[in-house]
Amino acid sequence: MYKKPLPRPTLESKEFWEGCKRHELLIQRCRDCGSYRHYPRLLCPKCNSENTEWVKVSGKGQVYTWAIAVQPFHPGFAEDVPYAMVIVELEEGVRLMTNIADSRPEDLYIGMPVEVVFDDVAEEVTLPKFKPAGK
Amino acid sequence: MRSVSIIGIGTTPFSVLEGKSLKEIATMACVEAINDARIAKEDIQTFYLGNYCSGILVGQETIAPLVANSVGLRKETPCTKIEGACCSAGIAFRDAFLMVAAGVCDFALAAGVEKMTSVSTAKATEGLASAMDQEYEARTGLTFPGFFAMVARRHMYEFGTTIEQLGMVSVKNHNNGVVNPRARFRNKVTLDEVMNSRLIADPLKLYDCCPISDGAAAAVLCPTEIARQFTDKPIEIVGSAHTLGYATMYEMDSVTTILPTVLAAKQAFEMAGLKPGDIDVAELHDCFTMAEIVDSEDLGFFEKGRGGPAVEEGLTQVGGKIAINPSGGLLSKGHPVGATGIGQVYEIVKQLRGEHENQVRGAEIGLAHNLGATGQVATVHILRRR
């Protein structure tokens with residue numbers, strides 16, 4: 001039983017979470033100014049356009065920064081400590097707050113190449129996580 | 001806009017206030033501020049109360065009218081609760097300032113309150129976590145110590161900041177808190193004790209983090225032109241700003257710069273016609289040791305990347321280039337989330353009146369910086385002795 005908070009797909013985020021279920025990482029791109037954005041939202045933060053497309057990205061990137069949680073904030077994470085909190089910067093330039101799979105926290109470093117993996121945590125929900133590239 | 005001054009201040013200690021309710025501690029701070037201003041409570045024409053999450057922490061919402069009635073304000077008085085996470089009181093103070101500056105009223109009461117120790121630490125931390133974006137950040141297990149731990153790792157990577165420099169912030173602020181009767185922790189700590197304290201969010205340790213606390217603080221504001229009728233030591237609000245940052249950490253252009261702080265500082269300094277070098281004493285939002293270093297850079301006291309060495313060289317101590325957190329800061333004084341912003345104003349007013357227990361000699365101009373949530377909101381206030 002998955003005890004951590006689960007996302008509830010909404011108007012803005014449905015496509016993102018449905019992509020994750022198909023094991024595809026989808027990021028929004030503005031059709032007018034071409035800039036990528038994440039988290040999903042209705043308006044482009046650069047030019048305010050509503051004209052948006054969803055782009056399947058490679059899921060390759062690198063660790064921007066990270067830390068290790070020793071004290072959990074949410075009881076659902078109590079069994080996981082110590083776990084890594086990680087910001088990954090994708091090749092497309094956008095960043096995600098995420099978790100690392102298949103790696104010990106002590107092996108992490110800023111600039112570490114990583115790629116997306118998908119964790120089917122519940123029947124309806126799949127979360128994007130990252131693992132060391134090529135492993 | 002009219003010039004506005006602070007004529008009265010009040011506070012409880014920031015501590016574990018066993019057996020006292022949120023309403024009671026807020027009332028105590030408000031009554032003390034009104035008495036300090038030597039006005040009658042019936043003179044107050046508007047009331048702003050900063051609070052983060054009383055609903056989660058004490059099961060009580062709609063607290064502004066509750067406290068206003070407890071204080072005994074007139075029924076004509078509009079009462080507003082202001083929420084901006086850890087910046088709630090900074091915003092409440094700012095909004096009270098604007099009402100007087102705009103000429104809507106002459107006497108405004110601003111207060112902040114949080115009662116955090118009535119629930120378990122687990123429940124309190126869960127409440128704090130709801131200040132961050134739930135769908136894309138909290139879901140991954142991000143914590144508030146984790147936020148500043150990630151800032152720290154990046155700051156170390158980009159600028160060579162050391163874990164010892166972070167620890168020195170804690171040593172300095174605990175040392176400052178020793179003489180402050182309002183501080184929760186009044187013991188010195190050594191760098192060894194900081195470095196050997198238990199990990200909370202690697203690389204941050206226990207002494208890198210501020211303590212959950214109960215507390216309330218309040219201030220009475222009026223037009224500067226009549227302030228001397230009520231006090232010999234009016235403190236003018238010469239700069240005030242309230243700004244917006246990003247909703248999530250990963251969107252920040254760089255996590256080593258907290259954008260709303262930079263923007264608020266720019267606005268407040270422009271309004272005051274002053275520059276960072278003019279500030280004698282500052283109370284900054286040191287919720288974590290890393291935060292104080294980043295704040296000190298973002299406010300313009302030091303170049304980006306020089307905040308760590310500045311601490312190491314003693315430049316931020318009382319008697320240094322710029323005295324930062326002579327009250328003990330959030331690290332030693334405590335962080336009753338919704339009260340902190342006006343708690344900082346209280347400390348600066350004491351400094352500028354020349355009445356502080358850890359007095360910065362000749363302090364004439366002070367700055368208070370309050371930061372909310374994951375860098376989503378900030379206020380900066382510049383105060384000047386007149």
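Reader: Which residues do ring pairs link into a cluster?

Author: In this predicted model, aromatic pairs number 9 over all chains. Some of these rings are joined through their pairs into a cluster, and its members are A:Phe16, A:Trp17, A:Tyr39 and B:Tyr136.

Reader: How are the rings of A:Phe16 and B:Tyr136 arranged, stacked, tilted or edge-to-face?

Author: A pair of aromatic rings is described by the distance of the centres and the angle of the planes. For A:Phe16 and B:Tyr136 the centres are 5.9 Å apart and the planes stand at 75°. Planes over 60 degrees apart count as edge-to-face, so the arrangement of A:Phe16 and B:Tyr136 is edge-to-face.

Reader: Where in chain B does the partner of A:Phe16 lie, and is B:Tyr136 buried or exposed?

Author: The pair crosses between chains, starting from A:Phe16 in helix α1 (residues 14-21) of chain A and reaching B:Tyr136 in the loop between α5 (121-129) and α6 (144-159) of chain B. A:Phe16 has a relative accessibility of 1% and counts as buried. For B:Tyr136 the relative accessible area is 4%, and under 20% is the cut-off for burial, so B:Tyr136 is likewise buried.

Reader: What is the arrangement of the rings of B:Phe147 and B:Phe148?

Author: Both B:Phe147 and B:Phe148 are buried. Their ring centres lie 4.8 Å apart with the planes at 70°, so this pair is edge-to-face.

Reader: Over which ring does the charged end of B:Arg153 sit?

Author: A charged end sits over a ring within chain A, where A:Lys4 is placed 5.5 Å from the centre of the ring of A:Phe77. The charged end of B:Arg153, by contrast, belongs to chain B and is 3.6 Å from the centre of a ring in chain A, that of A:Trp66.

Reader: Which strands stand at the edges of the open sheet of chain B?

Author: The sheet has 10 strands with mixed pairing, in the order β3-β2-β4-β7-β1-β8-β12-β11-β9-β10. At one edge, β3 is joined to β2 (residues 46-50) by 4 bridges, and these two strands run parallel, with B:Tyr48 opposite B:Thr80 in β3 of chain B. Each edge strand has a single partner, so one side of each is left without a neighbour in the sheet, and these strands are β3 (79-82) and β10 (323-324).

Reader: Which residues is B:Thr12 in contact with, leaving aside its neighbours within four places in sequence?

Author: B:Thr12 is found in the loop between β1 (4-11) and α1 (22-36) of chain B, and with a relative accessible area of 2% this residue is buried. Once those sequence neighbours are set aside, the contacts of B:Thr12 are B:Leu17, B:Ile25, B:Met28, B:Ala29, B:Gly215 and B:Ala216.

Note on methods
Residues numbered from 1 in each chain as written. Chains lettered and ligands numbered in written order. Predicted model: local features only at pLDDT ≥ 70, side-chain atom pairs only at ≥ 80, totals over all residues. Heavy atoms only, no water. Phe/Tyr/Trp six-rings, centres within 6.5 Å; stacked < 30°, edge-to-face > 60°. Buried < 20%, exposed > 50% of the residue type's maximum accessible area, 1.4 Å probe, protein only. Lys NZ or Arg CZ within 6 Å of the ring centre and 35° of its normal. Pairing = 2+ DSSP bridges. Contact = heavy atoms within 4.5 Å.
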